[in-house]
Structures are given as structure tokens and as C-alpha cells.
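Here's a look at how one protein model is put together. Take a moment with the sequence and the 3D view, then read on.

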Amino acid sequence: MKYLIAGLGNIGPDYVHTRHNIGFDVVDSVAKSLEASFSNDKKAWVAEARHKGRSLVLIKPTTYMNLSGEAVRYWLNAFKIPQENLLIVTDDLALPFGTLRMRPSGGAAGHNGLTSIIECLGNERFARLRFGIGSNFPKGRQSDYVLGHWTTEEASLLPEKVKIAEDMVKSFASVGIQNTMNLFNNK
């Protein structure tokens, strides 16, 4: 079985390790743990890995956040991966920092990357792993916040949270979304 794991973020040095790029960081962690390396391919950085008998195609779209759906649709089709084997890893302002929630579907909740994926796939029926980044910003400063770097305190806690997210991605591919939600959500 093949799975497409898409970490959302923006390409370029200005965005490295920013809140909005946590999807890239989680997918990087999965790739590193499975000894896979990324190569620049059509619409994304792509790595292939194996975990517990499953094939994982890991992507980091190079389309920028607002066009993430183009890369997701392309790689689902290129590898003939069914949509139920798609997992999007994304930041979420509505969750406190470090809170991790997996869901089988849902709306975009104002997230431009998810909006693009929904538009390109024509539906909201895809799994997503939401990584809470909090919402500690002054009114009107949301963009600066999500594109900003972690605080010192957040950065010190980040490796542990990224490792849990990595475990959730692997669990999704090995035991499915329902079991993963039962194991990890609300912990």
C-alpha cells in the first residue's frame, strides 16, 4: 500500500523553521528517521520511504502554501494513491502550541494551503494532522505571527512535539486513521 504524506510550508530561506512551515519540519523528521532523502521534482521536494511494509511518498510542495493543492493532486495521480491514503501535515492557529490532532476530514478553517487542496481535490475528505501553533499575536498581525519564528520556549519544546507528530504519521500509514486518533488525540 502507498501513502502520500504532504507537509505544508513555503519554500525559501526566509521561511525555514517558521510556524507556517511546521508541516515541512514534521515530514523532514519522518524522512530522516526512515533514512530517506528528498529530491526536487515536479511541484515538490519528494522522498520515498518504507515503514512496516508500507510505501510512503513524502512531499514538501514547492508551489508555496496558497497553491499546495496542485502538488498534492499531481503526486496522488502520479503514484495512483487513493485519497483515503493521503495525510496533510499543517499548522493550526486554533490549537494551543504543540497540541496535535488528527482528523479524517474537515474544512479549511481559513488555512490557505488546505483551501487550495480542497479546491484541487474537489472535496474535504482527506486526513490531516493539525499541529497547534497557538494564536498569541496582536490583532491584525496574524501573517507576521505564522510566518515568524518560534519563541525560545517553543523552540525548546519543539523537538519532542515534532517526534510525536512523526510517530502519528507512521501510525497513520501502519494502523490507519481511526487507531491513530484513538492512540494520540487528546493526549
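Ala 6 sits opposite Ile 59, a residue of β4. The strand β1 pairs with β4 in the parallel sense over 5 bridges; two strands count as paired if DSSP finds at least two bridges between them. Strands (E, at least two residues) and helices (H or I, at least four) are DSSP runs, numbered from the N terminus.

A quick word on the basis: this is a predicted model, where local features need pLDDT of at least 70 and side-chain atom pairs count only at pLDDT 80 or more, while totals for chains, interfaces and linings use all residues. Residues are numbered from 1 along each chain as its sequence is written, and side-chain values use heavy atoms, with hydrogens and water left out.

β1 also pairs with β5, and Gly 7 has Val 89 of β5 as its bridge partner. Here are the two pairings of β1:

| Pair | Sense | Bridges |
|---|---|---|
| β1 and β4 | parallel | 5 bridges |
| β1 (residues 2-7) and β5 (residues 86-92) | parallel | 4 bridges |

How enclosed is β1? Of its 6 residues, 5 are buried (under 20% relative accessible area, 1.4 Å probe, protein chains only), so β1 is largely enclosed by the rest of the structure.

Now zoom out to the sheet. It's an open one of 7 strands, ordered β2-β3-β4-β1-β5-β7-β6, with mixed pairing. β2 (39-41) and β6 (100-103) are at the edges with a single partner strand each, so one side of each has no neighbour in the sheet. Ignoring direction, neighbouring strands are turned by 25° against each other on average.

Helices lie across this sheet too, with contact meaning heavy atoms within 4.5 Å. α1 (residues 22-33) lies across β1, β4, β5 and β7, running at about 145° to β4. α5 lies across β1, β3, β4, β5, β6 and β7, at about 170° to β7. Angles run from 0 to 180 degrees between N-to-C directions, and axes are lines fitted to C-alpha atoms, for helices over the stretch in contact.

Finally, α5 (residues 152-175) meets α6 (residues 177-184): their axes come within 7 Å and cross at roughly 145°. Residues making that contact include Phe 172 of α5 and Leu 183 of α6.

Technical notes
Buried means under 20% relative accessible area, exposed over 50%, partly exposed in between (1.4 Å probe, protein chains only).
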